[in-house]
Amino acid sequence: PVWSPDGRWIAFIGAIDSGDAQLRPWLLDPQGGNVTELGNQDIEVSSGEALRWSDDASAVFAVLVENGLPLVGEIAVEGGQLQRRVGGERTIASLWVVGDRFVFAAQSATLPQELYVARHDGSGEKRRTDFNAWWSERAAPRAEWRSFEVPDGHGGTESIDGWLLRPP
C-alpha cells in the first residue's frame, strides 16, 4: 500500500477472490474505511509491481498487463480512465516516478534488460544504460509475439498469447 501525496487515499493492489491471478488496483479512504476499485475490472497490475502516485494525487501509475504484455499506465483517481503511456513487445519492470519522468527497466526476447527514461505522456523515451554491450556482438533470436490456440481443458480451445522464438 502507498499513501497519496495529499494523504487522502491509500492505493493498494489486491484480488477479489482468494487465489485469483488477476491483481487489480484499489483505493482506500482511510477516514471512512471505504474501499473502491481504481479503474475498471479489466485493469490488471503486473505481479510484484507497486503503484506510484502522481505528484498532485490525481492519478496512479503502474506496470499493467494487457494481452500478456506489460505497459506503463496512468489511472485517473476521478473516473478511473486509463491512459497507456509506455508499452511495446517487451517486459517492463521496476517503475519509478521521478518528477515528470518515468524510470523503468525493460527487456525483450532480443534485447537484454536496461534502464529507460520517458516523460509521463510516454514521449521522449531513451535507453540510459548499456550494461550488456556484449549482447550486440551476438546474433539475436528472431522473436514474434502471437496468439496460439490451445486446448481449454473442457473439450474446446482458447487463445493464449506468447512468444515464438526462432534462431537468428
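A residue counts as buried when its relative accessible area is under 20%, as exposed when that area is over 50%, and as partly exposed in between. The exercises below apply this scale and others to a predicted model.

**Exercise 1. Describe the overall make-up of the protein, and find what part of its residues is buried.**

Begin with the secondary structure, which comes to 0 helices and 14 strands. The span of the C-alpha trace along its principal axes is about 55 × 50 × 20 Å. Turning to burial, the protein has 168 residues, and buried residues make up 31% of them. As a last step, consider the contacts with a separation of 6 or more, of which 25% are accounted for by residues 24 or more positions apart.

**Exercise 2. Classify Phe61 and Phe102 as buried or exposed, and then work out how their rings are arranged.**

The accessible areas come before the geometry. Phe102 has 0% relative accessibility and therefore counts as buried, while Phe61, with a relative accessible area of 1%, is buried too.

A search of the whole structure finds 4 aromatic pairs. In the pair formed by Phe61 and Phe102, the ring centres are 5.0 Å apart and the planes stand at 80 degrees. Planes over 60 degrees apart count as edge-to-face, so the pair of Phe61 and Phe102 is edge-to-face. Because Phe61 lies in strand 6 and Phe102 in strand 10, the pair ties together parts that are 41 residues apart in sequence.

**Exercise 3. Carry out the matching analysis for Trp145 and Trp163, giving the type of their aromatic pair.**

The two rings lie 5.0 Å apart, centre to centre, with 70 degrees between their planes, and the pair is edge-to-face. Trp145 belongs to strand 13 and Trp163 to strand 14, which covers residues 157–166, and the pair links these distant parts of the chain, 18 residues apart. For the accessibility step, Trp145 counts as buried at 18%, whereas Trp163 is partly exposed, with a relative accessible area of 32%.

**Exercise 4. Identify the residues with the most contacts inside the largest nonpolar core, and say which strand supplies its largest share.**

The largest nonpolar core has 16 residues, and those with the most contacts inside it are Ala11, Leu27, Leu51, Trp53, Val60, Leu64 and Ile75. Strand 6 (59–66) and strand 7 (69–76) each supply at least two residues of this core, and its largest share, 3 residues, comes from strand 6. Apart from this core lies another, of 11 residues, which includes Val63, Val72, Ile92 and Phe104.

To follow one member of the largest core, take Ala11 and leave aside its neighbours within four places in sequence; Ala11 is then in contact with Pro1, Val2, Trp26, Leu27, Leu51, Trp53 and Val60.

**Exercise 5. Explain why strands 9 and 12 each have one side without a neighbour in their sheet.**

The starting point is the strand order, which is 9-10-11-12 in an open sheet of 4 strands with antiparallel pairing. Strand 9 (91–98) and strand 12 (126–127) stand at the edges, each with a single partner strand, so one side of each is left without a neighbour in the sheet. Strand 9 is paired with strand 10 (residues 101–107) in the antiparallel sense, over 6 bridges. Within these strands, Val97 stands opposite Phe102, a residue of strand 10.

**Exercise 6. Locate Asn67 and Ser94, and describe the phi angle of each.**

Most residues other than glycine have a negative phi. Asn67, although not a glycine, has a positive phi near 55 degrees. Asn67 is placed in the loop between strand 6 and strand 7, and at 62% relative accessibility it counts as exposed. Ser94 likewise has a positive phi, of about 55 degrees, and is not a glycine. Ser94 lies in strand 9 and, at 31% relative accessibility, counts as partly exposed.

**Exercise 7. Describe the surroundings of Ser136, beginning with the loop in which it lies.**

The loop that holds Ser136 is the one between strand 12 and strand 13 (142–151). With a relative accessible area of 66%, Ser136 is exposed. Its side chain reaches the backbone oxygen of Ala133 at 2.8 Å. Finally, Ser136 and Thr110 are 26 residues apart along the chain, and their C-alpha atoms are separated by 9.7 Å.

Technical notes:
Residues numbered from 1 in each chain as written. Heavy atoms only, no water. Core = buried A, V, L, I, M, F, W, Y, C linked by side-chain atoms within 4.5 Å. Buried < 20%, exposed > 50% of the residue type's maximum accessible area, 1.4 Å probe, protein only. Contact = heavy atoms within 4.5 Å. Pairing = 2+ DSSP bridges. Polar contact = N/O pair within 3.5 Å; in protein donor to acceptor, adjacent residues only side chain to side chain. Phe/Tyr/Trp six-rings, centres within 6.5 Å; stacked < 30°, edge-to-face > 60°.
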